[in-house]
Amino acid sequence: MNEYDDIIDLPHFVSKKHKQMPMENRAAQFAPFAALDGHEETLSETARLTSEKIILSQFEKERLSDRLLYAIESRQPVNITFFRHDKLKAGGSYAVLTGVIRKVDDVSRAIILQDKSRIPLDDIHSLSGTIFNGFDDFT
């Protein structure tokens with residue numbers, strides 16, 4: 001005699017009180033679930049890479065200052081490459097913004113563009129654009 005011979009031929013039990021669960025709902029109880037809420041977001045945030053800010057030499061700072069003055073006087077669009085600090089991690093990333101420089105705010109040490117965007121002076125890495133074609137030959 002095997003272990004389950006006494007019950008193997010009994011009919012499947014069906015409750016008279018409760019309706020059977022619909023077939024499409026039965027599979028849902030075996031669906032995967034996130035045991036740790038936010039775990040996936042934490043992993044992706046940890047995997048996100050940031051860069052370190054490049055420190056400019058004194059020569060590069062002077063060159064950048066000359067270009068900045070020229071860009072303000074010319075009132076033409078320039079490409080501004082600047083360091084954007086990351087709000088969640090150490091470091092950040094470099095971004096490029098194109099616009100016409102309206103003025104330099106000495107109090108907050110930032111440049112203000114025509115569209116009212118503000119970029120901290122200490123975070124500017126470079127200025128480029130067609131207005132600088134041949135500019136470095138004269139400075």
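Student: Two strands pair if DSSP finds at least two bridges between them. Which residue in E4 is the bridge partner of Val104?

Tutor: That is Ile111. Before we go on, this is a predicted model, where local features need pLDDT of at least 70, side-chain atom pairs count only at pLDDT 80 or more, and totals for chains, interfaces and linings use all residues. Residues are numbered from 1 along each chain as its sequence is written, and side-chain values use heavy atoms, with hydrogens and water left out.

Student: What do labels like E4 and H3 stand for?

Tutor: They are DSSP runs, numbered from the N terminus. Helices are H or I runs of at least four residues, and strands are E runs of at least two.

Student: Back to E4. How many bridges does it share with E3?

Tutor: Four. Strand E3 covers residues 101-105 and strand E4 covers 110-113, and the two pair in the antiparallel sense. Another bridge partner in E4 is Leu113, which goes with Ile101.

Student: How many residues sit between E3 and E4 in the hairpin?

Tutor: Four residues. Arg109 is in that turn, with a positive phi of about 50°.

Student: What does Asp105 in E3 touch?

Tutor: Its side chain makes a polar contact with the side chain of Ser108, at 2.9 Å. A polar contact is a pair of N or O atoms within 3.5 Å; within protein, one must be able to donate a hydrogen and the other to accept it, and residues adjacent in sequence count only if both atoms are side-chain atoms. Leaving aside neighbours within four places in sequence, Asp105 is in contact (heavy atoms within 4.5 Å) with Ala110, Ile112 and Arg118.

Student: What is the strand order in the sheet with E3 and E4?

Tutor: E3-E4-E5, an open sheet with antiparallel pairing. E3 and strand E5 (118-120) are at the edges with a single partner strand each, so one side of each has no neighbour in the sheet. From one strand to the next, the twist averages 25°. Axes here are lines fitted to C-alpha atoms, for helices over the stretch in contact, and angles run from 0 to 180 degrees between N-to-C directions.

Student: New topic. What order do the strands of the sheet with E1 follow?

Tutor: E2-E1-E6, in an open sheet of three strands, again antiparallel. Strand E2 (92-99) and strand E6 (124-128) are the edges, each pairing on one side only. Four bridges join strand E1 (residues 78-85) to E6. Across from Asn79 you find Ser128 in E6.

Student: Which strands does helix H3 lie across?

Tutor: H3 (residues 58-74) lies across E1 and E6, at about 50° to E6. H3 also packs on the other sheet, touching E3 and E4, and its direction makes about 130° with that of E3.

Student: Which residues of H3 are buried?

Tutor: Leu64, Arg67, Leu68 and Ala71. Buried means under 20% relative accessible area, exposed over 50%, and partly exposed in between, with a 1.4 Å probe and protein chains only. Down the axis of H3, the buried residues fall within an arc of 105°, so they line one face. The arc is that of the directions from the helix axis to the C-beta atoms. On the other side, Gln58, Phe59 and Glu73 are exposed.

Student: Why does Arg67 count as buried?

Tutor: Because its relative accessibility is 8%. The Arg67 side chain reaches the backbone oxygen of Leu127 at 2.5 Å.

Student: And Gly129, where is that?

Tutor: In the loop between E6 and helix H4 (135-138). Gly129 is partly exposed, at 22% relative accessibility. Gly129 and Gln76 are 53 residues apart in sequence, yet 9.1 Å apart in space, C-alpha to C-alpha.

Student: What is the phi of Arg75?

Tutor: Positive, about 50°, although Arg75 is not a glycine. Most residues other than glycine have a negative phi. Arg75 is in the loop between H3 and E1.

Student: Last one: is Lys116 buried or exposed?

Tutor: Exposed, with a relative accessible area of 61%. Lys116 is in the loop between E4 and E5. Its phi is positive too, near 75°.
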